[in-house]
Amino acid sequence: MRLESRKLKVAFATLGCRMNQFETSALEDQFSLKGYDITDFESVADIYIVNTCSVTNDADRTSRKTLRQAKRRNPNAIVVATGCYAQVSPQELAKIPEIDLVIGNSHKTAVLEIVENYINEKFENKVFIDNIFRENDFKTFFISTFYEGSRPILKVQEGCNSFCSFCIIPFARGKVRSAKIQDIVNQVKFLVDKGYKEIVLTGTQLSQFGYDHKEGYLLDLLKQLVNVEGLYRIRLSSMGINELDDYLIDFLTTQEKIAPHFHLSIQSADDRVLKDMKRNYSVKQYVEKVEKILKNRPDTAIGTDIITGFPTEDETAFKNTVKNVEEIPFAYIHVFTYSMRDNTSAVKFGDRVPPQVKKERTKILREIGERKSIEFRKKFLGKDMEFLIITEKEDYKIGLTGNYIHAKIETDQPLNSIVKAKLTKVGYEREDNLATIGDSYADIN
């Protein structure tokens with residue numbers, strides 16, 4: 001397929017997780033440096049690249065819908081499916097007539113080359129995919145940096161070795177591959193020299209960092225990063241409690257530079273369901289980790305993920321989950337509805353929980369999560385806190401505390417500044433929170 005020699009327009013759509021956001025950002029940079037015009041996905045473009053998600057059946061449907069919409073927007077455009085759905089179900093996508101190229105995660109760094117070869121009619125292949133488990137090195141765009149407001153987020157690890165029974169991610173991302181510690185340190189120093197205060201470290205399973213090389217693990221990386229001069233705060237993305245030993249917990253909770261905010265997915269709060277999920281811990285073990293963290297640093301925000309409607313989650317199991325979730329001091333909860341995924345071992349259980357029951361359980365846990373989030377933030381009303389200004393609106397700024405409280409602040413301080421203010425109002429949406437510099441009052445929605 002030869003396109004005109006004019007400057008081509010390319011549009012990107014990103015579905016799913018922050019990992020995809022990193023990689024889309026890197027792809028945009030590659031196409032831009034090669035002379036392509038980056039345009040909005042809603043615009044008419046010559047090339048549409050959709051970075052797909054496959055974590056649930058709904059994610060698959062959304063990916064297919066987005067790809068078809070692109071071709072309808074411009075029937076002559078090249079439509080490319082990449083990402084996790086492309087990796088785990090390439091032939092399914094290849095059968096969709098609106099899709100011209102299917103490029104798995106195994107080939108994501110070669111998307112530009114493949115697209116240009118397709119434009120120049122150098123091949124007739126439609127699908128580009130290799131066995132993701134043969135990937136041994138961390139090479140997905142080197143250390144990807146994605147900016148969320150004024151916060152650089154570094155992807156330093158890829159893949160997961162856990163193989164939970166419900167999860168498709170290892171089949172989409174492969175086994176653990178980690179960046180070299182010195183490369184990460186150098187990147188952090190570079191960002192700090194540019195004036196950034198907070199760095200967020202993330203990966204498919206951050207707590208498994210270093211499982212693939214002999215340089216050291218997450219603890220070894222953090223010991224070097226806390227010594228970077230000028231770095232104000234390090235925030236960590238989602239971790240598994242199986243990798244949180246006492247040495248790591250003690251370090252995380254005693255270093256001022258490490259944000260007191262840890263996202264620790266529990267997935268279920270019933271022991272039998274946890275066993276069927278192959279999570280390899282009990283509710284008691286999970287609680288013990290949380291209690292140790294909070295004992296060392298009481299202001300810490302503990303966030304979590306929970307799946308409702310897992311096939312073996314009967315009414316008793318769900319009641320156990322509700323009871324235990326009520327007792328665990330979560331700062332926030334992300335609730336997901338179970339979706340059966342091919343290739344995962346949970347398929348053997350079937351899909352036993354009726355859709356309406358799943359929906360009702362999800363609603364119940366989300367309501368609990370909203371209430372617990374309010375309760376967590378109320379504890380800090382009227383207290384002086386340090387906020388990093390991360391976003392600028394027309395008449396106010398958004399500040400972020402170490403323990404993940406967002407608040408509106410009226411201040412003349414620029415982005416990336418640190419201001420001291422009192423939390424004066426708490427709302428259901430995070431930007432309903434208000435912090436005031438100077439004398440303040442308490443007001444709770």
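1. Start with helix α11, residues 283-296: in this predicted model, α11 lies across β12 and β13. Against β13 the helix runs at about 160 degrees, and with the cut-off for roughly antiparallel set at over 145, that pair falls in the roughly antiparallel class.

2. Now the strands under discussion. β12, β13 and β14 make up an open sheet, in that order, and the pairing is parallel. Which strands sit at the edges? They are β12 (261-263) and β14 (332-337), each of which pairs on one side only. From one strand to the next, the twist averages 15 degrees.

3. A closer look at β12 and β13 is worth having. β13 covers residues 301-308, and three bridges join β12 to β13, with the two running parallel. If you want a spot to check by eye, try His263, which stands opposite Gly303 in β13.

4. Away from the sheet, have a look at the helix pair α1 and α5. α1 spans residues 18-33 and α5 spans residues 111-119; the two pack with their axes 10 Å apart, at an angle of about 50 degrees. That angle makes α1 oblique to α5, because it falls outside the ranges under 35, 65 to 115 and over 145.

5. What meets what between α1 and α5? From α1 come Leu27, Gln30 and Phe31, and they meet Val111, Leu112 and Val115 in α5. By class, the contact residues divide into five nonpolar and one polar, with no charged ones. The polar residue is Gln30.

Methods. Residues are numbered from 1 along each chain as its sequence is written. This is a predicted model: local features need pLDDT of at least 70, side-chain atom pairs count only at pLDDT 80 or more; totals for chains, interfaces and linings use all residues. Side-chain values use heavy atoms; hydrogens and water are left out. Two strands pair if DSSP finds at least two bridges between them. Helices (H or I, at least four residues) and strands (E, at least two) are DSSP runs, numbered from the N terminus. Axes are lines fitted to C-alpha atoms, for helices over the stretch in contact, and angles run from 0 to 180 degrees between N-to-C directions. Contact means heavy atoms within 4.5 Å.
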